[in-house]
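Welcome! Please take a moment to look over the chain below, and then we will walk through it together.

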Amino acid sequence: MTMDATSRRYLMCRPTYFAVEYAINPWMDPSAPVDAGLAMRQWDALRGIYLDLGHTVEEIDPLPGLPDMVFAANGATVVDGRVLAVEFRDPQRADEAPAYAHWFERAGFEVHEAKHVNEGEGDLLLAGDLLLAGTGFRTTAAAHDRAQEIFGRPTVTLQLVDPRFYHLDTALCVLDEDTVAYLPDAFSPGSRAALRRLFPDAVLASAEDAAVLGLNAVSDGRHVVLPAQATGLAAALRDRGYDTIGVDLSELRKAGGGPKCCTLEVRS
Ligand code: ARG
C-alpha cells in the first residue's frame, strides 16, 4: 500500500525561555536539571525534519516568563482556516493564550474566543471529518461542544484517565484520515469501546512506547515523526506502510512534551 503525504503548514515556538519551573503534570520535576542548549538543538532538529519533508514552518515569538510556550499545539485549534482560541487550566500558562490569538489575528484568521478551558490541539485532534476531543485533565467537555459549533465537525468526547497522559495528544496520534494509534489504558472503558468502534484497525501502542511519549507524534499521512525512543511503535507503523522518523526531544520531555506538543497544524 502506498500512503500519500500532504504538505502541511505548522506553527512552532522556539524554546528560548524553556525551563521546568513548576509542575502541572507528572513529568515535570522543577528540581531536576534541564539542558536549555540541548533543548534548543533538539527543537531545531525537529523543525529541520519538517522542512526536509517539504512542510512550511512558521514561528511565533517566544515570550520571557512563559517556559511552556514552546508547546505550540496548546496555542489554538485551526480547522478550515477557523481558529478556536485557547484558555489554559493553569495560571502559569494563561498569558500564552492571547499571544497565540494575536498571532492568528495578525496573520488574517478569524479567531473565536475559547469561553471554556480548552488547551487547543493538545486535546482536539482532527481525524478525517471527526474531531476527537480529550477531557479529564485539561480541556472541559463544554469546550468540546463549543468546538463542534465553531468547526461543524462531529466531535467525539474521549475520557482520559491516566495523569501521565493528561492531553489527548499524549495518548493518541492521528496517522491519516481514517487511522489512529493509541494507548487503550489511557482511556475510560466507554471511551476505549468507542475508539474500537470508530477505528477497528487502529495501531495499539504498548505501555513502553507511551511511557516515552511515543504517541506524541506528527503524521503527514505517510511520514510519522515520533520520539526516537518509541522503537516498538515505530516498527508497528512501518509494518503498516508508514515511514517513521525518530527525533530525540529528551529535554522537552522533562516538561511532558514531545514532537506533537511542539507543533500546531494550521489548516486553511
Ligand atoms: N508542561 C506543559 C503542560 O503541562 C506540556 C504541554 C504539552 N503539550 C501537549 N500538547 N501535550 O501544559
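## Finding your way

Helices and strands here are DSSP runs, with at least four residues for a helix and at least two for a strand, and they are numbered from the N terminus. With that in hand, we can place one residue straight away: Cys261 sits in the loop that runs between helix H7 (250–253) and strand S15 (264–265). Please keep in mind that this is a predicted model.

## The chain as a whole

The protein chain holds 7 helices and 15 strands. Its radius of gyration is 17 Å, close to the 18 Å that the globule rule gives for 268 residues, so the chain is as compact as a globular protein of that length. Along the principal axes, the C-alpha trace spans about 45 × 40 × 35 Å.

How much of the chain is buried? Buried residues account for 57% of the 268 residues. The accessible surface of the chain is about 10600 Å², and carbon and sulfur atoms contribute 48% of that area. Contacts also link distant parts of the sequence: of those between residues at least 6 apart, 71% join residues at least 24 apart.

## Two annotated positions

An unreviewed UniProt entry gives the feature "active site" at His167 and Cys261. These positions are spread over 95 residues of sequence, yet they cluster in space, with a largest C-alpha distance of 9.4 Å. Both His167 and Cys261 belong to the lining of the largest cavity.

## A closer look at His167

His167 is in the loop between strand S8 (155–159) and strand S9 (172–176). Is this residue buried or exposed? Its relative accessibility is 1%, and because buried means under 20%, His167 counts as buried.

Leaving aside residues up to four places away in sequence, His167 touches Asn74, Glu119, Gly122, Asp123, Arg138 and Leu160. With one of these neighbours, Glu119, there is also a side-chain link: a polar contact of 2.7 Å joins the two side chains.

## A closer look at Cys261

Now back to Cys261, in its loop between helix H7 and strand S15. Cys261 has a relative accessible area of 2%, so this residue is buried too.

Which residues does Cys261 touch, not counting those up to four places away in sequence? The answer is Val70, Phe71, Ala72, Ala73, Asp169, Asn216 and Gly256.

Technical notes. Residues are numbered from 1 along each chain as its sequence is written. This is a predicted model: local features need pLDDT of at least 70, side-chain atom pairs count only at pLDDT 80 or more; totals for chains, interfaces and linings use all residues. Side-chain values use heavy atoms; hydrogens and water are left out. UniProt positions are given in the numbering used here, feature names are shortened, and annotations may be inferred rather than shown by experiment. On a 1 Å grid over the protein atoms alone, a cavity is a set of points where a 1.4 Å probe fits but cannot get out, and a pocket is an open set with protein on both sides within 12 Å along at least five of seven lines; lining residues have an atom within 4 Å of a point. Buried means under 20% relative accessible area, exposed over 50%, partly exposed in between (1.4 Å probe, protein chains only). Contact means heavy atoms within 4.5 Å. A polar contact is a pair of N or O atoms within 3.5 Å; within protein, one must be able to donate a hydrogen and the other to accept it, and residues adjacent in sequence count only if both atoms are side-chain atoms. The radius of gyration is taken over C-alpha atoms; the globule rule is 2.2 Å times the number of residues to the power 0.38. Accessible areas come from the Shrake-Rupley method with a 1.4 Å probe; for residues, only the protein chains shown count as cover.
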